[in-house]
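Reader: I'm new to this structure and would like to get to know one part of it properly. Could you take me through any empty space shut up inside, and then around what lies about it?

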Amino acid sequence: MSGWGIADIPDQAGRTIIVTGANSGLGAVTARALAEAGAQVIMACRNEVKARSVADSIGKNVQVRRLDLADLASVREFADSVETADVLINNAGLMAVPLKRTADGFEMQIGTNHLGHFALTGLLLDKVSDRIVTLSSGMHAMGKIDLADLNWEHRRYQRWLAYGQSKLANLMFAYELQRRLTAAGSSKLSLAAHPGYAATELQGKTESFQDYFLAAGNRLFAQSAEMGALPSLFAATAAEVRPGGFYGPTGLRGLRGNPGPSGSTAASRDEVTARRLWELSEQLTKVSYAFPRR
């Protein structure tokens with residue numbers, strides 16, 4: 001897969017692909033590439049105005065539907081609107097924002113990045129025929145899952161540790177979902193991807209002085225959003241993926257380059273914590289997964 005790029009995306013005609021957070025950054029690039037490859041793309045976005053502007057620039061094979069991952073009522077409403085899809089790409093996310101709460105009282109980063117996508121995937125699982133791709137980050141390495149205080153109600157809030165926890169949760173969810181699909185005898189795939197260090201709007205949302213340094217880092221070191229989207233596109237479309245695979249850039253210690261298999265921390269492979277996180281996520285979202293029996 002060395003050198004794999006957008007031109008290597010297989011023909012996607014006849015396939016429907018849902019991309020969350022497709023109104024900017026990696027999501028917009030992903031939606032455009034998939035639509036140009038022939039897929040019908042559902043852009044699932046909170047900001048419908050920005051999403052429609054992106055959709056207009058793509059021109060065909062796209063539709064915009066409202067999805068606010070920070071509101072479980074919106075997640076359920078969106079899921080009810082979907083009849084069928086081939087692929088779900090859990091792309092949307094927040095990074096290092098100040099302490100805020102979702103409509104359901106969750107800390108905003110774990111609530112949006114993990115719990116919203118957990119609920120969405122569970123509600124759509126029977127409707128998605130091929131694969132689920134969940135975006136994580138190299139920053140999962142700084143994460144720690146605190147099952148006793150997942151929502152930062154008792155600890156002093158630290159925005160970067162909260163982000164790391166949410167990205168670790170994304171990766172653990174992707175791995176655990178594959179284990180459960182395999183145990184159920186399902187042919188569906190659960191995959192994870194990360195963009196390396198890519199220039200996107202995520203780096204301008206901390207609402208602090210850090211935005212200036214992150215913007216400078218984007219200019220000096222980051223690869224483009226077009227390159228950052230390649231691991232997601234590979235995971236979503238390539239035939240040679242392996243069940244439960246994690247894909248990211250293969251150059252400069254995983255920060256940039258063309259996509260390939262990516263390593264992850266021992267914590268991300270902790271099956272006991274992953275099961276407990278899954279059970280807690282079901283309790284918090286009130287979404288229970290129904291896996292077919294063998």
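Author: Let's settle one term before anything else: a cavity is a set of grid points where a 1.4 Å probe fits but cannot get out, and its lining residues are those with an atom within 4 Å of such a point. Keep in mind, too, that this is a predicted model.

With that in hand, how many cavities of 30 Å³ or more does a search of the whole structure find? The search turns up 1, and the volume of the largest cavity is about 40 Å³.

Now for its walls. The residues lining the largest cavity are H114, F118, M172, F173, E176, A274, L277, W278 and S281. Sorted by class, that lining has 6 nonpolar residues, 2 polar ones and 1 charged one. The charged one is E176. Three helices each bring at least two residues to the lining: α4 (108-124), α5 (159-183) and α9 (271-285). Which of them gives the most? That's α9, with 4 residues. Going by the residue ranges, A274, L277, W278 and S281 belong to α9, M172, F173 and E176 sit in α5, and H114 and F118 come from α4.

Two of those walls also pack on each other. The axes of α4 and α9 are 10 Å apart, and the helices pack at an angle of about 80 degrees. Angles of 65 to 115 degrees count as roughly perpendicular, so that's the description for α4 and α9. On the α4 side the contact is made by H114, L115, F118 and A119, and on the α9 side by L277, W278, S281, E282, L284 and T285. That contact takes in 6 nonpolar, 3 polar and 1 charged residues. You'll spot some familiar names here: H114, F118, L277, W278 and S281 appear both in this contact and in the cavity lining.

Just past α9, have a look at K286, which is found in the segment after that helix. Most residues other than glycine have a negative phi. K286, though, has a positive phi, near 60 degrees.

Back to α4, which has another partner. Helix α3 (residues 72-81) packs against α4 at an angle of about 25 degrees, with the axes 9 Å apart. Under 35 degrees counts as roughly parallel, so α3 and α4 get that label. Their crossing is right-handed. In this contact, L72, V75, R76, F78 and A79 of α3 meet G116, A119, L120, L123 and L124 of α4. By class, that comes to 8 nonpolar residues, 1 polar and 1 charged. A119 is worth a second glance: this residue of α4 takes part in the contact with α3 and also in the one with α9.

One more helix pair rounds off the tour. Helix α1 (residues 25-36) and helix α2 (residues 48-58) have axes that come within 10 Å and cross at roughly 30 degrees, so α1 and α2 are roughly parallel too. The crossing of α1 and α2 is right-handed. A28, A31, R32 and A35 of α1 make the contact with V54, S57 and I58 of α2. This contact holds 5 nonpolar, 1 polar and 1 charged residues. Following on from α2, N61 lies in the loop between α2 and β3 (62-66). N61 isn't a glycine, yet its phi is positive, at about 65 degrees.

Terms used: Residues are numbered from 1 along each chain as its sequence is written. This is a predicted model: local features need pLDDT of at least 70, side-chain atom pairs count only at pLDDT 80 or more; totals for chains, interfaces and linings use all residues. Side-chain values use heavy atoms; hydrogens and water are left out. Axes are lines fitted to C-alpha atoms, for helices over the stretch in contact, and angles run from 0 to 180 degrees between N-to-C directions. Angles under 35 degrees count as roughly parallel, over 145 as roughly antiparallel, 65 to 115 as roughly perpendicular and the rest as oblique. A crossing is left-handed if the near helix is turned anticlockwise from the far one by less than a right angle, and right-handed if clockwise. Contact means heavy atoms within 4.5 Å. Ala, Val, Leu, Ile, Met, Phe, Trp, Tyr, Cys and Pro count as nonpolar, Asp, Glu, Lys and Arg as charged, and the others, Gly among them, as polar. On a 1 Å grid over the protein atoms alone, a cavity is a set of points where a 1.4 Å probe fits but cannot get out, and a pocket is an open set with protein on both sides within 12 Å along at least five of seven lines; lining residues have an atom within 4 Å of a point. Grid points are joined across faces, edges and corners, and a volume is the space filled by probe spheres set on the points.
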